[in-house]
Structure formats: structure tokens, C-alpha cells
Amino acid sequence: MQSGPHEKHLPVETSSGRTGAPPRPRHLAITPVVLGVVFGSCLSALNVILAFKVGTGFGGAIVTVLLGGAALRLLRKLNWRTLFLTYAIASGGTLAVTAIDTSIGAGLLGGAPPPSWMFLIGAGLLANLLGLLLGIALAPSIINDHSLKYPALWPVIDLMHALTGSGEREAGIKEQRLILVGAVVAAGLSFAAALVGRDSLPLAPGVSPYLALSLSPMLFGLGMRISGSATVWIGVGAVYSLIVWSANVLWGSPQPGAAYIEHLGSPWILAVGVGLLLGYACGFLAKLVGGKRSVVTGAIRGRSARWRVTAAGGAAVMAGCVVALSRWLPLTYLMTALIFAVLAPLFAVLMNRVNAAIGIAPTGVFQYLTLVILALLHVPAGSAYLLIGLICCSALASAYFIEAAKVASTAPAPDAPRTHQLFTYQVIGSVAGVGTGITLLFLVSELGNIGTAAFPAPTSTALDFLNSLLRGSQDYAQSTTVFLAAAGLAGMALAWSPALPTMLGLGVLLPAATSIAILLGSVTKMATQRHRRDQGAFASTLGSGLILGGGIANALLLPIQVLTS
């Protein structure tokens, strides 16, 4: 399962974007397009509400595949191509305004006036388009890196092949039953946790709520699917975070225990974690360019038309972003262009590698990181929030494009989509998602409910809190700069070693409850692997079932929680 049982279907694409597969119909079938637009729009609206209600998002890929497969089967149009088309379009819209919504919310909490609806629509579309172009440029290096396992995506891939009858026969009935058992158990645990109103359990009676175990079976399943080395580095980061938290409780905090946001605001945590991530991103890009110089120079000399078109398109879209933002930001064209040109590609690389390694796209972490960088550059708070939303949105759009490309790489040969077709699918979804999500965001902001009991907006509140810390104390800003620089140098150096600084940084930044659940899942995998001597196949398959069941349960529970809260 970890190695990808369907990857033998991967079509070899040439520099012109053509595959060795037989010709396929070039037209878009109406039914899957409509289904994809509907699913993407609904999930985009749901994610805006969730962002302001509970501070989280929902990818919805499993739900899209299940509901899309059911609808297509009912209409007798179910096959791998139509199901993938539905998924790819919905994928482009599901999180099309994620990061924009919470960043605008933080600006509203800080007293900044909201941008106009038309401006937000245009800016959101530009950010998504930039992300898709970055995704095209990065996809080959990410997809062909076999150390990146995509633990949360393989359950979706397996489900698509199972629904369309194109799955591998050797998976066997036992493996299918194990996935089903894991899904049922995960769904039951999720519903039970929601029924009793608990999403975590304290590690011991009387300890701080920070020291808890998440009850999410999805996190446990992720731990059963990620590699052992990734687990080790997450554990190292989590131990460091726990030491800092304990020191703060014993010597620095009068409260029984610091809350997560207060803990995250410490330069020992935030600056170190984001410094490792940022340093690794810079080191990885330098290593990529230095180690594959012939690839880069060959593309520049014309051997890759797709690379040149993508680069030109990305530059044009980035220029459009700069011109559009110039009316709203008190920054020079050069300053805005430099911020976009440096941060957007860096964050796209890092977001994709983290997402591919552990199945989580930590958008909030990148928002905090961007805020730290922009605050150190003395960018005004209102302008910083807008830049945060657009830069992080483009990074997330690139991650979802590459996820769709990874799914496409497992297609039966006659159905493998070309790059420009996949780009078109995602653009359609982005237009639908941005239109729906921005409209709902604008309505919520006009009502003035952000930050109230109806819409507590935890992520927006965290951004506003962190912004106050960064700008309220010169000593804090100076200490943050020192920690950020030191950790950045360490992350850059680790890029040339077998270490996994992205996992180390995430271990530092993630809440203890999340890290403990992932680590517990990985320990369980190692125990079953040693007992069964099956190289982790049993645990990986069961982990897929837990992720599947947890995703379905979340899809059913989140709307209910929103309506009843």
C-alpha cells in the first residue's frame, strides 16, 4: 500500500505533455463537470463556515469520490475518467479561499476595513491560478520522489479504483475487509467522541489540557501510514516542544499550564519551528538547482516547452497580483513583487513536501510564518493579512493540483489526463470555489459576527494575537529574529543530510494532542510489523480504513456541529 499498488499504470509523459496512451476524448462530459462544480462549491462554503466556527478545514476528497461515484453509478456513467473528472474539479474548489478567509477575519478583528467583494474575487482567482502554475512546475519533482508516501491520499486512490473496477486483484478480499473494518471502527469512535463532546483525553488526571491525546482516528491512521523516519523526527520535535512547555510552566508562567496559542507565541517554539521550515525550503531549492543544473538549463534552452510556458504564465499572474494589490497595499511595486516572488514558490515547495510526507497541509503554520516575516519587514498589519491570505492560498492550490496529478498518475493508461486537461479541471473548480467562498466570506464580514460567540474564528484570533506580540514589543521582535535566523541556518544545513527538518519543525509546532496521536499510530504500526513480519502492510491497510472512516464521519458531523453550536 505504501508503495502504491496502482503506480504501474503511470503513463510516461514527454516534454510536450503527451503520453503513450491511446487518444482520449477531448470534450468535457457535462455530468461530472456539474457534479464537480456542485461538490466544490458546497465544500468551499462549508470550509468558510468551519474556519470561523472551529478554525479547521475539511478536504473532502473521500466524500467527493463516494458521493460522486454513487451519483455517476445511478446515472450509469461511472468509470474512472468520469469519477476522476468529478474529483479533480471539486478538488480545485474545496479549499479555494482557505487562508484568505481567516486572514481577512484577522484583519477585521484588528480593525482593518474589509476589501470589496469584487477585489476579493479577483485576488482569490489570481492566487489560485498562481498556485496551479506553481503546481505544474513542481509536480514532476514531488510525484517522482518515492520518499513522499502521500499517506492520506492513497485511501482515496484505492477507493476510486475499487468503485470503478480498475483496482489490483492481488489486494485481495482480506485487504478490502480490513479497510472496511477500520472505516467502521473510525466512524464509530468519531461519533462516540462527538456524542460525549470530547475531542481529546488528558494524559493523566489533573494535568493541563495541553497534555492530551487527540481522539481523532484519522491522526492515528496517519501515524500507521507515515514512514518510521518521519515519525522519529516528529517525535524529536514534540519532545523539544514539551521541554519548552514544561520549562515555561515551572519557571515562566503563573498559570497551571500555558494554552496552545500562548505556547506557540514563544520564540522558542514559533521562531524555531518556522525557522526550520523556512531554512529547509531555502536549502532544498538550492540543493535542487545545484544538483540538477542540467535539467534547469535544459529547460531554459528550450527542451521543455511546458516549463517555459509555465514560467511565463506564473510571471504574468504574479505581475497581475502585484498590480491588483498596489491599490490596496501601501507598498511599492518592487516590494510587493519581491514578497510574492520569494515567498510563494518557497511555501509551495514546503507545503507540498509536508503534505506529501504526512498527509497534512498545515496552512495555519504557514500563515503564522508569513506573519512573522512580514512583521519583521515592517509591513503594516492590514497589508500583511492580505498578503498572508493570497500567498498561503496559492501554496495550498499548488498542493491540491499536485494531489490531483498524483491520483492521475495511477490512472488506467487509456484514461490518463494530460497536464493541460488537469489544469483546466482545476481552474473550473477554482472559479466555482472562489465565487461561492468569497461571497459567503463577504456576507459574514458584513454582518460583523467574526470574533463573537456565533463565529469565534480561532485561527483569525490566533493571527491577531501573534501580530500583537510581534509588533507590541521591540525585545520580542529582536529575540524572534535571533531564534528565526539560528533555526533557519540549522534547517538549511539539514537539507543536505538524511534528516527530515520538515518533520522536525512540524513536531515543534503541532499541538501535543496531535503529535501524540500520530506517534501512537506509528508505534502500533511498528509493533504489528514486528509481530506479523509483513513490512507494515497490515498496519498501512488498517490505517487507510481509519482515515477513510474518520473522513466520512467528519463530513457528517461537521455540518451538524456548525448548525447546533
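Start by selecting Glu403: setting aside neighbours within four places in sequence, this residue is in contact with Tyr87, Tyr150, Leu153 and Asn355. Keep in mind as you click around that you are looking at a predicted model.

**Stop 1: Glu403 and its helix**

Colour residues 381-408 and you have helix α16, with Glu403 inside that run. Which side chain of opposite charge is nearest to Glu403? That would be Lys406, but it sits 11 Å away, and Glu403 has no salt bridge even though it is buried.

**Stop 2: the one salt bridge**

Side chains of opposite charge can pair when their charged atoms come close. How many salt bridges does a search of the whole structure find? Just one. To see it, show the side chains of Asp145 and Arg353, which meet at 3.0 Å, N to O. Asp145 is in the loop between α5 (117-143) and α6 (154-164), while Arg353 belongs to helix α14 (residues 333-358), so the pair ties together parts that are 208 residues apart in sequence. Is Arg353 buried or exposed? Arg353 counts as buried, at 10% relative accessibility.

**Stop 3: the nonpolar cores**

Now pick Phe84 and Phe347. In the largest nonpolar core, which has 131 residues, these two touch the most other members. Helix α16 turns up again here: with 19 residues, it gives this core its largest share. Zoom in on Phe84 and look for what it touches beyond four places in sequence: Met160, Ala404, Val407, Ala408, Pro417, Leu422 and Tyr425. Apart from that core there is another, of six residues, including Leu178, Ala186, Met224 and Ala539.

**Stop 4: Ser522**

Stay with Met224 for a moment, since the next selection touches it. Ser522 touches Gly223, Met224 and Thr231, not counting residues up to four places away in sequence. You'll find Ser522 in helix α21 (residues 512-532), and at 2% relative accessibility it counts as buried. Draw a distance from its C-alpha to that of Thr231: the two atoms are separated by 6.7 Å, although these positions lie 291 residues apart along the chain.

**Stop 5: Pro414 and Arg81**

Here is another pair to join with a distance line. Pro414 and Arg81 are 333 residues apart in sequence, with 9.1 Å from C-alpha to C-alpha. Pro414 is in the loop between α16 and α17 (419-447). Its relative accessibility is 44%, so Pro414 counts as partly exposed.

**Stop 6: two unusual backbone angles, and a glycine**

Go to the loop between α2 (61-74) and α3 (80-94) and select Arg76. Its phi is near 60°, a positive value in a residue other than glycine. Arg76 counts as exposed, with 80% relative accessibility.

Then move along to Ala99, in the loop between α3 and α4. Ala99 also has a positive phi, near 85°, and it too is a residue other than glycine. Is Ala99 buried or exposed? Buried, with a relative accessible area of 1%.

Next comes helix α4, residues 100-109. Why can this helix be called largely enclosed by the rest of the structure? Because eight of its ten residues are buried. To highlight them, select Ile100, Asp101, Thr102, Ser103, Ile104, Gly105, Ala106 and Gly107. Just after α4, click on Gly111, where phi is positive at about 95°.

**Stop 7: a patch on the outside**

Switch to a surface view and select Ile30, Val34 and Val38. Together they form a nonpolar patch on the surface, with about 280 Å² of accessible area. Val38 is part of helix α1 (residues 30-53), and this valine is partly exposed, with a relative accessible area of 41%.

**Last stop: zoom out**

Finally, show the whole chain as a cartoon. The protein chain holds 22 helices and two strands. Of its 565 residues, 53% count as buried. The chain exposes about 23,500 Å², and carbon and sulfur atoms supply 68% of that area. The long-distance pairs you drew have plenty of company: among contacts between residues at least 6 apart in sequence, 84% join residues at least 24 apart.

Notes: Residues numbered from 1 in each chain as written. Predicted model: local features only at pLDDT ≥ 70, side-chain atom pairs only at ≥ 80, totals over all residues. Heavy atoms only, no water. Patch = residues over 30% accessible without salt bridge, like charges linked within 9 Å, V, L, I, M, F, W, Y side chains within 5 Å. Areas by Shrake-Rupley, 256 points an atom, 1.4 Å probe, with all protein chains shown as cover. Salt bridge = Lys/Arg side-chain N within 4 Å of Asp/Glu carboxyl O. Helix = DSSP H or I, 4+ residues; strand = E, 2+ residues; numbered from the N terminus. Buried < 20%, exposed > 50% of the residue type's maximum accessible area, 1.4 Å probe, protein only. Lys, Arg positive; Asp, Glu negative; His and termini not counted. Contact = heavy atoms within 4.5 Å. Core = buried A, V, L, I, M, F, W, Y, C linked by side-chain atoms within 4.5 Å.
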